[in-house]
Amino acid sequence: MFNDNVPYKIYLSEEELPKQWYNVRADMKNKPAPLLDPETMKPIRAERLSSVFCEELVKQELDDTTPYFDIPEPILDFYKMYRPAPLTRAYFLEKKLGTPAKIYYKFEGNNTSGSHKLNSAIAQAYYAKMQGLRGVTTETGAGQWGTALAMACSYFDLDCKVYMVKCSYEQKPFRREVMKVYGASVTPSPSMETAVGRKINEQFPGTGGSLGCAISEAVEAATSMEGYRYVLGSVLNQVLLHQTVIGLESKAAMDKYGIKPDIIIGCAGGGSNLGGLISPFMGEKLRGEADYRFIAVEPESCPSLTRGKYAYDYCDTGAVCPLQKMYTLGSGFMPAATHAGGLRYHGMSSLLSQLYDDKLMEAVSVKQTEVFAAAELFARVEGTLPAPESSHAIKVAIDEALKCKETGEEKTIFFGLTGTGYFDMMSYEKFHNGVMKDYAPTDAEIAEALAKLPKVE
Ligand SMILES: *Cc1c(COP(=O)(O)O)cnc(C)c1O
């Protein structure tokens, strides 16, 4: 079965690990719109951002022109614990589908935190350490980012304070306890520790919290404690930059065997794995060296690209973070409590939003029951148990492969498999018991949230 002169898995050596991250903004004609200061509604200055974020990360955030950033040696050393990750040819899936398409995927779940988020967590922890900080604060929803950051902070001996969305804190004890194994302190959000948390608790007694609210608490904690900064696991340019290690590694493996993907697919929450996956390929497209189709896959319950509006919006409920121009459903939008927690964010990275607006990337939304059906099909033939978030990409990769079966086209399809599903068995249980529902917001619900977008200019 493993014919075609391509191995089942393509492994790179340690020496072949990318030594630089690639900043696709350098090759974009239309740059992402600048972040705005929530107080003045003017483009934010680096000094203001530095009270919230680490200095080096602020530089990366605002740099639209430098194409490559060296990956510091200590980060490369850490990467070697779980990278390079092999590029896998999904021969078994192809056979099962009976498709002439060639399918490849890159699995990012082979580390204890279980997802790609560790690629940026270790970078952010490193820069915080180099700045001489005592610790960092953050929010986590389903817990993947908090776990990754806890691992990264323990490696560099930094204090790690995580605000975990309250309903996840109660429903996901395993994630919570893994964070504690790595020495993080975990607080259910909204808490009574911060002014914004107390206010939200007063306004919405008994609320299970939200990501936007946990962000506001983490930012307040960071800015009110000496020697702390806030770090974020997605959405920002700096996070996409760190995640380009995924795309660069994939590209290096493909170049070894002359593989050229026609379609590149990734799930999109805040956009970090997708941005990191497609960046080197998008760079080629932007420079006119090659052409690819890129597809962002989002949940039907939180369709920021496919049904949102391209506008300036707040990144958090408390409106303490800078504003970002992005495809958004409105920062007041409350997505249904679906089973892909990592994709429940009201907005999308400004970089990906710009690429999408320039028609350089496509987007589709999918139903969660279809996603779980695709996840199981994949697990049964390929062996790996995928995270619900990752399975959004599987679903669309399968759809595209089945289209090839109809037309007889031998396209090459490549998708990012962002994480493991070991911590999501409650969701799989709902799927097995037939009690999982699909949910799409109504036009009225989206319009209501969009009506509250901040007025800019
Ligand atoms: C967080 C997460 C995502 C979505 O985040 P992006 O920033 O959009 O990449 C996807 N998959 C997994 C497994 C995650 O943990």
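The paragraphs below lead through the ligand site, the cavities, the largest pocket and a few points of the backbone in this predicted model.

A natural place to begin is the ligand, which is surrounded by 18 residues, and the closest of these are Lys117, Ser234, Gly269, Ser272 and Thr418. The character of this shell is given by its division into three nonpolar, 13 polar and two charged residues. Two helices, α12 (272–286) and α16 (388–407), each contribute at least two residues to the shell. Ser272, one of the closest residues, also has an N or O atom in its side chain that lies 2.7 Å from an oxygen atom of the ligand. For Asn273, the distance between a side-chain N or O atom and an oxygen atom of the ligand is likewise given as 2.7 Å, while for the side chain of Gln144 the corresponding distance to a ligand oxygen is 3.4 Å. On its own the ligand has 380 Å² of accessible area, and the protein covers 98% of this.

Where, then, does the ligand sit? Its place is the largest cavity, one of four cavities of 30 Å³ or more that the structure holds. In general terms, a probe the size of a water molecule, rolled over the atoms, shows where empty space is left. The volume of the largest cavity is about 440 Å³, and 34 residues line this cavity, with Lys117, Trp145, Gly233, Ser234 and Gly342 nearest its centre. Two or more residues of that lining come from each of β6 (135–140), α6 (144–156), α10 (211–224) and α12. Lys117 and Ser234 thus appear in both accounts, being among the closest residues to the ligand and also among those that lie nearest the centre of the largest cavity. Helix α12 recurs too, as a contributor to the shell around the ligand and to the lining of the largest cavity. The lining of the largest cavity consists of 10 nonpolar, 19 polar and five charged residues.

The second largest cavity has a volume of about 70 Å³. Its lining includes Pro299, Glu300 and Ser301, together with Thr338, His339 and Ala340, and further along the sequence Val366, Lys367 and Gln368, while His392, Asp438 and Tyr439 also take part. By class, the residues that line the second largest cavity are four nonpolar, five polar and three charged.

Attention can now turn from the cavities to the largest pocket, whose volume is about 1,000 Å³. This pocket is lined by 40 residues, and Val165, Cys167, Ser168, Ala337 and Arg344 are the closest to its centre. The helices α7 (166–171), α8 (173–181), α9 (195–203), α10 and α17 (425–432) each supply at least two residues of the lining of the largest pocket, and among the elements α17 gives the most, with four residues. Helix α10 supplies residues to the lining of this pocket and also to that of the largest cavity. The lining of the largest pocket divides into 18 nonpolar, 17 polar and five charged residues.

The backbone, finally, has some local features that deserve a look in the loops. The peptide bond that runs from Arg83 to Pro84 is cis, with an omega near -15 degrees, and Pro84 belongs to the loop between α3 (73–79) and β4 (87–89). Another cis peptide bond joins Ser189 and Pro190, where omega is about 5 degrees; Pro190 lies in the loop between β8 (185–189) and α9, and α9 is one of the helices that supply residues to the lining of the largest pocket. Met41, a residue other than glycine, has a positive phi, near 60 degrees, and is found in the loop between β2 (20–22) and α1 (46–49).

Terms used
Residues are numbered from 1 along each chain as its sequence is written. This is a predicted model: local features need pLDDT of at least 70, side-chain atom pairs count only at pLDDT 80 or more; totals for chains, interfaces and linings use all residues. Side-chain values use heavy atoms; hydrogens and water are left out. A residue is near a molecule or strand if one of its heavy atoms lies within 4 Å of it. A polar contact is a pair of N or O atoms within 3.5 Å; within protein, one must be able to donate a hydrogen and the other to accept it, and residues adjacent in sequence count only if both atoms are side-chain atoms. Accessible areas come from the Shrake-Rupley method with a 1.4 Å probe; for residues, only the protein chains shown count as cover. On a 1 Å grid over the protein atoms alone, a cavity is a set of points where a 1.4 Å probe fits but cannot get out, and a pocket is an open set with protein on both sides within 12 Å along at least five of seven lines; lining residues have an atom within 4 Å of a point. A molecule sits in a cavity or pocket if more than half of its atoms lie within 2 Å of its grid points. Ala, Val, Leu, Ile, Met, Phe, Trp, Tyr, Cys and Pro count as nonpolar, Asp, Glu, Lys and Arg as charged, and the others, Gly among them, as polar. Grid points are joined across faces, edges and corners, and a volume is the space filled by probe spheres set on the points.
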